[in-house]
Amino acid sequence: MRSDRSEREASSAIDRRRFMAAAGLTTLAAVTGVACAGDAPPSQGTAGTTPNASGDGQPSFAHNEATISSLQEQMQRGTLTSKALTEAYLARIAAVDASGPTLRSVLETNPDALAIAEERDVERKAGKVRGPLHGIPVLVKDNLDTADRMQTTAGSLALVGKPAQRDAHVVTRLREAGAVIIGKTNLSEWANFRSTRSSSGWSGRGGQVKHPYALDRNPCGSSSGTGTAIAANLATVGIGTETDGSIICPSSICGLVGLKPTVGLVSRTGIIPISATQDTAGPMTRTVSDAAALLQAIVGTDAQDAATSAAPATAPDYTAALVKGALKGARIGVGRNLAGFNGAADAAFNKAIDTLRAAGAIIVDPANVATVGKYDDAELQVLLYEFKDGLNRYLASRGDTVAHKTLSALIAYNREHADKEMPWFAQELFEQAEAKGTLDDAAYRSALELCRRFAREQGLDALFREHQLDALVAPSNGPSWVTDHVNGDKYSGGNSSVAAVSGYPSLTVPMGYVHELPLGISFIGLAWSEAKLLGYGYDFEQQTAARRAPKFLRTVE
């Protein structure tokens, strides 16, 4: 769920927005040990790999860019089974993630995946189809509890041991919808909330996730593994988590659709936390229609997560909002003060605005968020307090399945195992959080009030009211940077904080490329406006068809 706080420069004059925005070896059997944390060079080829002009290889794949609906049609006709589909994705993971380009995006595969897929096939033959996700392979981030034979570790060696005793609420919803949980994805360790100098996508357990479009570039984070894996067609769809930027950034940078829902629309129970006021899980997919179908499956109230009590009692039909022409007559504001961080992103963004206008949208330009930056320092204080409180509660909930029960114990573990856990960067954020008091502290309550006032009342609420907006748009991120473990991330800019701090929804959709590196456009809305945003994103997607599959280039020229 995860804040991209490792983007922050390690100095007293911290650029918080820059900081906030910014591979596991897969087994095809039960996990018997810890994945290698190194970064082995790619092999020079694999079976079924055809070199392209640059000498890079892209294995052929029968289900390349397949959607939920296209796969369901094949299974309904009887030309495809869930078991065969799951086998194909497992083979794809072996060829692309554990060898070949060696993406390191999947920490482990589910040893029960084929058995689950067979069960879904038996149900289908008996006339029981649970919904659009029935028999569909899904990857979930390694901070969601799964009560099976897979680990839940947030990428940290400190949590390797017994699997969780209960599924996260999101995982329960996926299973009830008939999905096949095929594996767990690598991530920025502790969801990028350990150090101010981290490399996004690196974890002690899984090593460095690679960018699928250019292997020497960074996939952003903290949902790095889900971003790379879904972009590389290692599963049909995936689940990421966000505190500030951790769905939007890797989705944008990896050429995906990513949705950060309103906080409370999706339960956080059973997800390793950072922030009770900003955390959420959400879809990461190749199309808007898949994002809508995945969201439909995971929303719902949960008695164990009080935030879900504020959500609408009945979720709308998100797929019904996906119509061409949704943009016609919509008032779309242009957040010019959320742009300007990258010339190539701005050029693509201006072209995207022309597309919105041509589709019939009423463009309000500029529509600037007056309070941008005013909540930066307060947000960090809120997250530090909430991380300590939430993580200690989570660790206690795991009982004897974890050996380390407190944040202070994790800090000690990292010091004792610094060669494996801190070879590149330290744990400043852990230490800052441990030094905080309780959520009863006046400093915490004051920081939280300031965040809500500047991000909501005087921020997005005021802007939408002034201009009568239906949505606000901005470039999601700049192009990816070269991974640098010594210096950490060189984040190229983004806009995630305004939606993250307010707790409001944001949807990123592919809008173009610069030197083969993807760029996305964000549609930001007020609370519970996901259906509206998905409609706008779908219409834009149909107008542009911007996404294209990665080629696993070694670098960009």
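G258 in strand β10 stands opposite M284 in strand β11. This pairing belongs to a predicted model, and the points below cover the strands around β10 and the largest pocket.

**Strand β10 and its partners**

- Strand β10 covers residues 257–260, and its residues point in two opposite ways.
- V257 and L259 point one way, while G258 and K260 point the other way.
- These residues, V257, G258, L259 and K260, are all buried, which means that each has under 20% relative accessible area.
- On strand β11, which spans residues 280–285, β10 finds an antiparallel partner joined over 2 bridges.
- Strand β15, residues 506–514, also pairs with β10 in the antiparallel sense, here over 3 bridges.
- Within the pairing of β10 with β15, K260 stands opposite S506.
- G258 and K260, which point to one side of β10, thus each have a named residue across from them: M284 in β11 for G258, and S506 in β15 for K260.

**The largest pocket**

- The largest pocket holds about 790 Å³ of space.
- Its lining is made up of 31 residues, and those closest to the pocket centre are R268, T269, G270, I271 and Q304.

**What lines the largest pocket**

- Helices α5 (169–176) and α10 (376–397) each supply at least two residues of the lining.
- The largest share of the lining comes from α10, with 6 residues.
- By residue type, the lining divides into 11 nonpolar, 9 polar and 11 charged residues.

Definitions and conventions
Residues numbered from 1 in each chain as written. Predicted model: local features only at pLDDT ≥ 70, side-chain atom pairs only at ≥ 80, totals over all residues. Heavy atoms only, no water. Buried < 20%, exposed > 50% of the residue type's maximum accessible area, 1.4 Å probe, protein only. Helix = DSSP H or I, 4+ residues; strand = E, 2+ residues; numbered from the N terminus. Pairing = 2+ DSSP bridges. 1 Å grid on protein atoms, 1.4 Å probe; cavity = no way out; pocket = protein on both sides within 12 Å on 5 of 7 lines; lining within 4 Å. Points joined across faces, edges and corners; volume = space filled by probe spheres on them. Nonpolar A, V, L, I, M, F, W, Y, C, P; charged D, E, K, R; others polar.
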